[in-house]
Structure formats: structure tokens, C-alpha cells
Amino acid sequence: MNSENPSAGVPHQRRKRYAGKNPRKFAEKYKELDPLKYPEMQQHVAQSGKTPAGTHISVMPAECLAALQLVSGQCGVDATLGYGGHARKILEIIGEKGFLLGLDVDPYEIGRTELRLREAGYGADVFQAQQSNFAGIAKALAAKGKSAVDFIFADLGCSSMQIDNPQRGFTFKDHGPVDMRLNPARGISAGEWLKRTPVDAVEKIFMENADEPQAGKLAQGLAGRDFVDTLELAREIARLSGDASGDTTRRVFQALRIAVNDEFGALEAFLRICPDCLCSGGRLAILTFHSGEDRRVKKAMKKGLTEGVYASISDDVIVATAEERRANPRAIPAKLRWAIKA
Ligand SMILES: C[S@@+](CC[C@H](N)C(=O)[O-])C[C@H]1O[C@@H](n2cnc3c(N)ncnc32)[C@H](O)[C@@H]1O
């Protein structure tokens with residue numbers, strides 16, 4: 001290959017066509033998805049107040065850094081690396097004497113994020129990425145020869161890159177397999193889960209994972225059925241619920257995603273093990289996005305305070321500023337809590 005022009009010798013392909021001035025579908029956003037070839041595109045989309053496809057805007061970055069109280073030379077874990085937005089800000093503060101271990105279950109995005117951070121100048125001496133569930137944080141640290149660190153950060157749920165890509169099955173706005181697994185190599189897809197799970201268990205999941213008011217009716221209509229794709233499932237949820245606004249569909253998709261990824265089981269295991277992975281005075285900060293997550297974080301931190309495991313915890317949840325909520329709707333439900341190891 002010609003090293004000066006990587007496209008040399010590659011047959012010319014016609015530009016993908018889309019109706020209107022701007023691409024709407026994920027597959028049409030090839031310019032946003034290829035920042036090396038179209039370096040100006042992501043900035044252009046971000047300036048219009050949108051999240052460029054294939055990227056993720058970090059939620060409450062200033063508040064998260066304030067909660068972690070980082071100083072140069074510290075060592076810690078970003079348990080949900082995602083696009084690496086928070087990680088990059090952490091790395092800027094801990095500097096060349098610090099060390100950050102980034103964990104993520106997602107086998108596709110973790111490699112891209114690692115590469116981006118390497119290209120930004122962070123070598124393996126200051127940053128390493130590892131595909132791991134954060135429930136296994138103690139094992140992941142032990143593999144790096146560490147037992148306790150100065151800080152642990154987690155920004156729960158999934159990233160915009162995962163939601164945007166219809167092939168991952170998280171979006172109800174486009175055709176895609178009913179998958180929703182953060183790590184598609186493990187467990188069963190959401191479609192398979194719906195097909196195999198009895199009505200009463202589906203109802204329980206819709207209630208517990210998304211406080212869905214029509215859980216019973218939706219479970220009756222969806223359990224045991226086979227859906228060819230996410231749009232068909234979304235249409236059926238809208239039909240059964242009589243809600244065309246997308247709110248019920250969003251809640252049901254959330255409930256299914258939490259179930260197939262065992263998100264509450266992983267969070268509870270993580271919350272149990274975190275104190276063992278922190279040095280005395282070490283800080284834990286967790287961003288949650290719905291009541292099921294926040295309840296668990298709040299309960300674990302309060303229990304840790306009562307038992308003397310934590311010396312101090314945040315009195316109240318910290319939420320995004322009005323300005324951030326306006327600029328990034330993902331920040332609207334975000335709640336941040338912190339704890340300091342005794
Ligand atoms: C909201 S995104 C993180 C975004 C990141 N803070 C940033 O600024 O780019 C959440 C990430 O956590 C990952 N994740 C979710 N549950 C996980 C778990 N149990 N263990 C490890 N990673 C998990 C998801 O794959 C996703 O990439």
C-alpha cells in the first residue's frame with residue numbers, strides 16, 4: 001500500500017446517497033464514523049448540538065472530577081471506559097506518574113478507545129484497557145499486580161456509540177437484531193430472552209427494571225414471541241401499550257437491556273467489592289441513569305458508612321447543570337454519588 005495515500009489502489013466507490021441535506025441513518029453517517037478521513041465532520045456535528053455518530057459526550061465531567069479529587073501521580077480504575085471521555089480527563093490530571101486501568105465489557109469499542117488514547121499520547125505505562133466486567137475489578141487489578149487504588153470511577157449503562165449502531169440492537173428507531181448485549185459473545189440476546197422467558201418473569205423484569213406501568217399487559221403480549229428485528233418489536237410495544245410517543249418503548253428496551261446484561265447483578269457485585277479495592281482515603285464516584293441503579297448505589301454507600309467501611313459519603317445526589325441538561329439530554333436523568341474509604 002502507498003503509505004502516503006492509504007486509498008491508493010482501492011477501487012473508487014460512489015458516495016452513499018441519502019434523502020435530504022444531512023444523513024439520518026447510522027450507515028449513512030460514514031463521514032462522522034471516519035474521523036481520520038473526514039477530520040472536520042465530528043466537530044461540525046458537535047457544533048450543531050448533536051452527538052456525532054460513533055462518539056459519546058461524557059456526562060458531568062467537571063462534577064465527576066470534583067468528586068474524585070484527583071492529584072498527580074494517583075493510580076485508579078475507570079470501570080466503564082466507553083469512549084474514554086472521562087478517562088482522558090482523568091489521565092490529564094494524574095499525569096505521567098499516574099496509572100489508569102480502563103475496564104469495559106464491550107469487545108468492539110474497547111479496542112477503538114484504547115487506540116484513541118494511545119494516539120493522544122498515553123502509553124501503556126500510564127493507561128491500560130482490559131475487557132472485563134466491572135464485577136471482576138479485583139481480579140483485573142490483581143492481573144496488573146495491584147490490589148488497592150486511589151480512586152474508582154463508574155459511569156453506568158451504555159454509550160451513544162452502542163445505542164447509535166442498529167446492529168447492536170439497542171435502538172428502537174432503526175432495523176437491527178433484537179440483541180442488546182454489551183458483550184455479544186456472552187449470554188443470550190434480548191430476542192432469545194423474550195422467546196424463552198415465561199410471562200410472569202417478563203412482567204417482573206418490566207416492573208423492576210423500568211417501573212413500567214403496563215408491565216402485565218406488555219408481558220402477556222410479548223413473552224414467548226419471536227421478533228425479527230428491533231423495529232418490529234418497537235411497533236408491537238407501541239400497539240399493545242397504545243403509546244406512540246416512544247416512552248413505553250424506551251422503558252421496555254431499557255428493561256430488556258438490563259435483564260440480558262444482568263446489569264443489577266454486576267452492579268451489586270461491584271459495589272460489594274469496591275471497598276476492598278480502594279486504599280484508605282481512596283474515592284469512589286458513580287454516575288447512575290435510573291432509579292434501579294441509584295437505589296443500589298445509595299444503599300451500598302449508606303451501608304458502608306454505617307459499618308465504618310466508608311469514612312464519608314455524598315449527602316445528596318449531584319445532578320447536571322441546567323446548561324448541560326439543555327446541551328446533552330443524556331445528562332437529564334444522571335445522578336452522581338461518591339464515597340471515601342475509611
Ligand atoms: C456510559 S458509557 C461510559 C462512557 C465513558 N465514561 C465516556 O466518557 O466515554 C458506559 C460503558 O460501560 C460499559 N459497561 C456497562 N456495564 C458494564 C460492566 N458491568 N462492566 C464493564 N463495563 C460495563 C458499557 O459497555 C459502556 O461502554
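**Helix α9, the nonpolar cores and the ligand shell**

Trainee: Against which helices do the buried residues of α9 pack?
Mentor: In this predicted model, the buried residues of α9 have several helical partners, and these are α7 (190-196), α8 (199-210), α10 (230-241) and α11 (247-260).

Trainee: Which residues of α9 are buried, and on which side or sides of α9 do they lie?
Mentor: Helix α9 spans residues 215-222, and its buried residues are A215, L218, A219 and L222. An α-helix has 3.6 residues a turn, so residues three or four places apart point the same way. The arc that A215, L218, A219 and L222 cover around the axis is only 100 degrees, which puts them on the same side of α9.

Trainee: What is the phi of G224, the residue that comes after α9?
Mentor: G224 follows α9, and its phi has a positive sign, with a value near 85 degrees.

Trainee: Which members of the largest nonpolar core touch the most other members?
Mentor: I152 is one of them, and, leaving aside residues up to four places away in sequence, I152 touches G76, V77, A79, C274, C277, L278 and L284. A second, separate core of 30 residues includes L218 of the α9 segment, along with L194, F253 and A255. In the largest core, which has 54 residues, the members that touch the most others are A79, I137, I152 and A285.

Trainee: Which elements give two or more residues to the shell around the ligand?
Mentor: The ligand is surrounded by 21 residues, of which S58, T80, G82, Y83 and G85 are the closest. By class, the shell holds seven nonpolar, 10 polar and four charged residues. The elements that contribute two or more residues are α3 (85-94) and β2 (99-104).

How values were computed. Residues numbered from 1 in each chain as written. Predicted model: local features only at pLDDT ≥ 70, side-chain atom pairs only at ≥ 80, totals over all residues. Near = placed C-beta within 6 Å. Helix = DSSP H or I, 4+ residues; strand = E, 2+ residues; numbered from the N terminus. Nonpolar A, V, L, I, M, F, W, Y, C, P; charged D, E, K, R; others polar. Buried ≥ 20, exposed ≤ 12 C-beta atoms within 10 Å, placed from the backbone. Arc of directions from axis to C-beta. Contact = placed C-beta atoms within 7 Å. Core = buried A, V, L, I, M, F, W, Y, C linked by C-beta atoms within 7 Å.
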